[in-house]
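The following exercises are to be worked through with the sequence and the coordinates at hand. Each task is followed by a solution set out in steps.

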Amino acid sequence: NAFRNRAPELLTYQYIVRPTLQKHLTKFFSEGRNTKRVLDVGSASGRNVYTLMDEGFLAENILGVEISPEQVAIAKREIPDATFEVGDISDHGLATNSNDLAIMVPEFLDEERYPKALDNIFASMKDGGVFVYITTHPDRYEAKYGVKKGEVITKGPWGDGEFSNYVRSVKKQVGSLIKAGFVVEVTENLDIPKEVVKKHPEFTHPNRHVRLTIVARKPEKQY
């Protein structure tokens, strides 16, 4: 419940992640959102699903996959029209060629599970499907924890224990998506907007970039 209560109001989500997600949804899905099938990877208690619904995607067309049974229980209770399943995206059974859009915001996959997860997401998508991936920028980990690659233990801003993050360079993440079969269309370093820093002086980070966005597409088949 700590994550559910705090997640939507976290400043990083309000001012960086959500606006970025909205921007790319506008770019790649200008119409017909009510017919698009969506996969939300790491759906937690439904924070991103609310954003998708606000943007015109229908709950009944959204599947959330989340490793925490507690978070899935909350999501099912609060958004009953969407589908939420407990599972690890690296080996969770997904229908193939079924999703127009997949989002992953963020991810906590180790080196073994990360490529398997990307392969699984790729297989689940329709030809031409769009994958929007927003994660903590490696610069952020280096600045705050002094870690350039590998595992780093962090605490959630909702104050709910420690968990493992895995630091990967931008080059490695882009390369992993390409290896899975995606065509990378956007790579974007996300900073804290200056107007937000003025409004929230407590919202500061000791580095240039806070989040990384990669938008990729599953290629259309050539006939």
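**Exercise 1. A charged network**

Which residues are linked in a network of salt bridges?

Solution. The structure is a predicted model.
Step 1. A salt bridge here requires a side-chain nitrogen of Lys or Arg within 4 Å of a carboxyl oxygen of Asp or Glu.
Step 2. Under this rule the count comes to twelve salt bridges.
Step 3. The network links Glu107, Glu111, Arg168 and Lys172.
Step 4. Two members of this network, Glu107 and Arg168, reappear among the residues that line the largest cavity.

**Exercise 2. The largest cavity**

Describe the largest cavity by its volume, its lining and the elements that supply the lining.

Solution.
Step 1. One cavity of 30 Å³ or more is found when the whole structure is searched.
Step 2. The volume of the largest cavity is about 60 Å³.
Step 3. Its lining consists of Glu107, Tyr133, Thr135, Thr136, Pro138, Tyr141, Tyr166, Val167, Arg168 and Gln173.
Step 4. At least two lining residues come from each of strand E5 (125-136), helix H6 (138-145) and strand E7 (162-167). The contribution of E5 is the greatest, at three residues.
Step 5. Sorted by class, the lining comprises five nonpolar, three polar and two charged residues.

**Exercise 3. Salt bridges between separate elements**

Locate the salt bridges of Lys23, Asp88 and Glu185, and assign the burial of the residues involved where it can be given.

Solution. For the burial steps, a residue is buried under 20% relative accessible area and exposed over 50%, with partly exposed in between.
Step 1. Lys23 pairs with Glu188, and their closest N and O atoms are 2.4 Å apart. Because Lys23 belongs to helix H2 (residues 11-28) and Glu188 to strand E8 (residues 183-190), the pair ties together parts that are 165 residues apart in sequence.
Step 2. The relative accessible area of Lys23 is 41%, so Lys23 is partly exposed. Glu188, at 18% relative accessibility, is therefore buried.
Step 3. Asp88 forms a salt bridge with Arg113, with 2.9 Å between the closest N and O atoms. This pair links distant parts of the chain, 25 residues apart: Asp88 is in the loop between E3 and E4, and Arg113 is in helix H5. Asp88 has 18% relative accessibility and so counts as buried.
Step 4. Glu185 and Arg217 meet through their side chains in a salt bridge, at 3.1 Å from N to O. Here Glu185 in strand E8 is linked with Arg217 in strand E9 (residues 211-217), 32 residues away along the chain.
Step 5. Glu185, with a relative accessible area of 41%, is partly exposed. Arg217 is also partly exposed, at 25%.

**Exercise 4. A β-α-β unit**

How do strands E2 and E3 run, and how many bridges join them?

Solution.
Step 1. E2 (residues 62-66) and E3 (residues 83-86) run parallel and are joined by four bridges.
Step 2. Within this pairing, Glu66 stands opposite Val86 in E3.
Step 3. Together with helix H4 (residues 69-78), the two strands make a β-α-β unit, which is right-handed.

**Exercise 5. Backbone features in the loops**

Identify the cis peptide bond and two residues other than glycine with positive phi, and place each feature in the chain.

Solution.
Step 1. The peptide bond that joins Val105 and Pro106 is cis, with omega about -15°. Pro106 is located in the loop between strand E4 (99-104) and helix H5 (113-124).
Step 2. Ala44 has a positive phi, near 50°. Its place is in the loop between strand E1 (38-41) and helix H3 (47-54).
Step 3. Asn97 likewise has a positive phi near 50°, and is placed in the loop between E3 and E4.
Step 4. The burial of these two residues is then assigned. Ala44 counts as buried because its relative accessibility is 11%, whereas Asn97, at 45%, counts as partly exposed.

**Exercise 6. A residue after the last-named strand**

Is Lys218 buried or exposed?

Solution.
Step 1. Lys218 is found in the segment after E9.
Step 2. The relative accessibility of Lys218 is 7%, so this residue counts as buried.
Step 3. Lys218 and Val152 are 66 residues apart along the chain, and 31 Å separates their C-alpha atoms.

Key
Residues are numbered from 1 along each chain as its sequence is written. This is a predicted model: local features need pLDDT of at least 70, side-chain atom pairs count only at pLDDT 80 or more; totals for chains, interfaces and linings use all residues. Side-chain values use heavy atoms; hydrogens and water are left out. Two strands pair if DSSP finds at least two bridges between them. A crossover is right-handed if, with the strands pointing away from the viewer, the path from the first strand over the helix to the second runs clockwise. On a 1 Å grid over the protein atoms alone, a cavity is a set of points where a 1.4 Å probe fits but cannot get out, and a pocket is an open set with protein on both sides within 12 Å along at least five of seven lines; lining residues have an atom within 4 Å of a point. Grid points are joined across faces, edges and corners, and a volume is the space filled by probe spheres set on the points. Ala, Val, Leu, Ile, Met, Phe, Trp, Tyr, Cys and Pro count as nonpolar, Asp, Glu, Lys and Arg as charged, and the others, Gly among them, as polar. Buried means under 20% relative accessible area, exposed over 50%, partly exposed in between (1.4 Å probe, protein chains only).
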